[in-house]
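Let's take a look at the charged pairs in this one. Have the model open while you read.

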Amino acid sequence: MDDTLSPTPAGPAAARPENQESPRRVAVASFIGNTIELYDFFIYGMAAALVLDDVFFPNLSPLNATLASFSTYAVAFLARPIGSIIFGHFGDRVGRKSVLVASLLLMGLSTALVGLLPGYATLGSWAPLLLVLLRFLQGIGIGGEWGGAVLLAVEHAPSGRRGLYAAFPQLGPPVGFSAATGVFWLMSASLDEAAFASWGWRVPFLLSFLLVAVGLVVRLKISETPVFARSVAERTASRAPVAELLRCHPRELLLGAGAMAVVYTLFYSTMTYGLSYTTTTLGMPRNTMLALSLVACLFLATAIWFAATRSDRDGRRKLVLTGCGLAAVWALVLFPLLDTKHPVVMAVAMGGALFCVGMTSGPMGAYLPELFPARVRYSGASLAYNLGGVLGGAVSPLVVPRLQSGFGSASVGWYVSAMAVVSLLCVRALPETRERELV
């Protein structure tokens with residue numbers, strides 16, 4: 001029997017076996033697709049921290065080259081809300097599944113082309129310009145990814161278990177980041193410095209060609225969500241989802257974005273800028289820091305699973321508030337612990353930071369979609385998530401290096417802590433949504 005969930009089942013008896021199996025399969029599919037897209041997104045951050053400044057900005061001073069490299073990293077976060085608007089419109093009008101296929105293709109091909117892009121020595125100033133363009137397209141693609149992935153899981157989930165099913169796509173970031181880190185570690189460990197700088201860093205990008213093919217096979221086999229299928233059958237889909245969202249739900253949109261800001265700020269400060277800071281300023285071996293990053297991802301995955309599943313019992317808001325509070329405190333000790341240059345202490349610093357990230361982001365897979373009605377849910381959840389990325393992921397690369405250079409590493413911790421407090425206040429202003437029906 002084909003266990004694909006039918007949008008219009010013949011009756012309860014016919015639908016029951018499908019409804020029991022389909023959510024699990026869809027949750028796994030959303031996890032796989034989200035992992036692939038997040039791998040694509042994170043390998044750029046790894047490359048920006050380790051090598052892109054030398055390849056694409058060789059004529060700048062070390063600080064300015066780092067700033068330029070991380071500025072190209074930030075470009076994608078500025079593009080993500082645009083992707084949310086584009087893909088959110090079609091996701092709320094056409095369907096979740098078809099939009100996710102398009103976002104995967106855009107994200108994957110933009111990533112793979114970075115691996116083929118010649119450096120400054122070959123193309124001159126065209127090289128960084130093309131790099132920025134590809135990073136911008138990455139941002140457009142990832143802007144439509146998260147909302148669709150979590151909606152596939154949440155809108156298929158049984159009542160009372162949306163946090164559990166949303167945990168699967170939420171595990172995409174730690175697994176994608178671990179895969180990106182692992183591939184970079186393997187290339188760094190197996191090649192000398194010259195070979196890694198010449199071509200070794202390109203291999204993780206070129207692997208995206210293969211991963212896109214895998215992701216397409218997975219996504220083309222899943223069904224549309226029953227919630228969206230019902231809205232189509234009842235002809236309740238919005239004609240202009242983004243306009244309706246801005247007109248009717250601006251409060252939820254802005255507060256949801258503010259709630260997400262600390263997730264991006266703390267993750268970037270720990271895993272992207274932190275990698276650059278520890279390998280350049282502190283002089284730690286690159287392979288050591290990549291290995292510690294893998295350890296830290298275990299803390300992230302553990303916290304995501306715990307907080308997401310626990311939110312079905314204790315509520316989304318309580319768990320997110322706990323994560324924001326922990327982040328506000330841990331941010332103050334993060335860089336002092338890194339400055340010890342003791343690997344075990346550094347692992348604790350990074351692991352603790354990512355545990356706070358996971359506690360905050362884990363319930364968000366269910367929380368943000370539950371804030372919005374089905375008519376604008378793709379647009380609302382995606383745009384809130386990615387506007388939070390602008391606040392945390394686009395601003396931080398421009399602020400953090402300057403803070404550290406001008407005022408020392410402790411100032412970075414105060415900045416991250418302040419962002420955690422902002423997120424905490426935003427969550428306090430939002431309602432609990434665990435008991436809401438997805439209509």
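Buried here means under 20% relative accessible area, exposed means over 50%, and partly exposed is whatever falls in between. Keep in mind that this is a predicted model. Counting a salt bridge as a Lys or Arg side-chain nitrogen within 4 Å of an Asp or Glu carboxyl oxygen, you get 13 of them. Three are set out below.

| Salt bridge | Closest N and O atoms |
|---|---|
| Arg-96 with Asp-92 | 3.0 Å |
| Glu-193 with Arg-286 | 3.3 Å |
| Arg-310 with Asp-314 | 2.7 Å |

Start with Arg-96 and Asp-92. Arg-96 has a relative accessible area of 0%, so it is buried, and Asp-92 is buried too at 2%. They also belong to a wider group: a network of salt bridges links Asp-92, Arg-96, Glu-155 and Arg-377.

Now for Glu-193 and Arg-286, whose closest N and O atoms are 3.3 Å apart. Glu-193 lies in helix H9 (residues 193–198) and Arg-286 in helix H15 (residues 286–314), so this pair ties together parts that are 93 residues apart in sequence. Are the partners buried or exposed? Glu-193 is exposed, at 52% relative accessibility, whereas Arg-286 is buried because its relative accessible area is 16%, below the 20% cut-off.

Helix H15 also holds Arg-310 and Asp-314, which sit four residues apart, about one turn of the helix. Arg-310 is partly exposed at 32%, and Asp-314 is partly exposed as well, at 24%.

Terms used: Residues numbered from 1 in each chain as written. Predicted model: local features only at pLDDT ≥ 70, side-chain atom pairs only at ≥ 80, totals over all residues. Heavy atoms only, no water. Buried < 20%, exposed > 50% of the residue type's maximum accessible area, 1.4 Å probe, protein only. Helix = DSSP H or I, 4+ residues; strand = E, 2+ residues; numbered from the N terminus.
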